[in-house]
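Let's take a friendly walk through a protein model together. Keep the picture open beside you as you read, and look for each part as it is named.

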Amino acid sequence: MESMGKKKPRPRRSFTPEFKAEIVELCQRGDRSVGQVAKDFDLTETAVRFWVQQAQTDAGERDGLTSAEKEELARLRRENRRLREDVEILKRATAFFAVETR
């Protein structure tokens, strides 16, 4: 008798930009639905829909942040976080040396 437990989650996979572009092209041709393409390539329908939407955004066919803008935003957020940490360290050092010089 099979156990009634939940299925183990599938390990997270990563795909190359070329593979994603190929999948998007198959969906945009119109011969197969997004669901069928996802099933044929053992992908989740949600992931394929996201790739198609992102491709449309990158092409200017849909509103939203392009892939390049998302990458830049992530880079700027990392830089901002690092700079805030640097400022915090400098504040502590200033307070330490202010006490030492008295």
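**A helix and its surroundings**

This is a predicted model, and a good place to begin is helix H3, whose buried residues pack against helix H1 (17-29), helix H2 (34-40) and helix H4 (67-100). H3 itself covers residues 45-58, which makes 14 residues. From its first C-alpha to its last it reaches 20 Å, close to the 20 Å expected at 1.5 Å a residue. Just after H3, look for Gly60, which takes a positive phi of about 85°.

Which residues of H3 are buried? They are Val48, Trp51, Val52, Gln54 and Thr57. Let's stop at Gln54, in helix H3. Its relative accessible area is 11%, and it counts as buried because that is under the 20% cut-off. If we leave aside neighbours within four places in sequence, Gln54 is in contact with Leu65, Thr66, Ser67 and Lys70.

Now let's turn to the nonpolar side chains. In soluble globular proteins, nonpolar side chains tend to be buried together. Here the largest nonpolar core has 11 residues, among them Ile23, Val37, Leu43 and Trp51. Helices H1, H2 and H3 each supply at least two residues of this core, and H1 gives the most, with 4 residues. Val52 also belongs to the core; leaving aside neighbours within four places in sequence, Val52 is in contact with Val24 and Cys27.

Next come the charged side chains. How many salt bridges are there? The count comes to 7, and we can visit some of them. An α-helix has 3.6 residues a turn, so residues three or four places apart point the same way. With that in mind, find Glu25 and Arg29, 4 residues apart in helix H1, or about one helical turn. Their side chains meet in a salt bridge of 3.3 Å, N to O. Glu25 is partly exposed at 44% relative accessibility, while Arg29 is exposed at 52%.

Helix H3 holds a pair with that spacing too: Arg49 and Glu45 lie 4 residues apart, about one turn of the helix. The closest N and O atoms of their salt bridge are 2.6 Å apart. Arg49 is partly exposed at 41%, and Glu45 is partly exposed at 37%.

In helix H4, Asp86 and Arg82 are 4 residues apart and form a salt bridge of 3.1 Å, N to O. Asp86 is partly exposed, at 31%, and so is Arg82, at 43%. For a last stop, find Glu85, also in helix H4: Glu85 and Val99 are 14 residues apart in sequence and 22 Å apart in space, C-alpha to C-alpha.

Conventions
Residues are numbered from 1 along each chain as its sequence is written. This is a predicted model: local features need pLDDT of at least 70, side-chain atom pairs count only at pLDDT 80 or more; totals for chains, interfaces and linings use all residues. Side-chain values use heavy atoms; hydrogens and water are left out. The expected span of a helix is 1.5 Å times one less than its number of residues. Buried means under 20% relative accessible area, exposed over 50%, partly exposed in between (1.4 Å probe, protein chains only). Contact means heavy atoms within 4.5 Å. A nonpolar core is a set of buried Ala, Val, Leu, Ile, Met, Phe, Trp, Tyr and Cys residues joined through side-chain atoms within 4.5 Å. A salt bridge is a side-chain nitrogen of Lys or Arg within 4 Å of a carboxyl oxygen of Asp or Glu.
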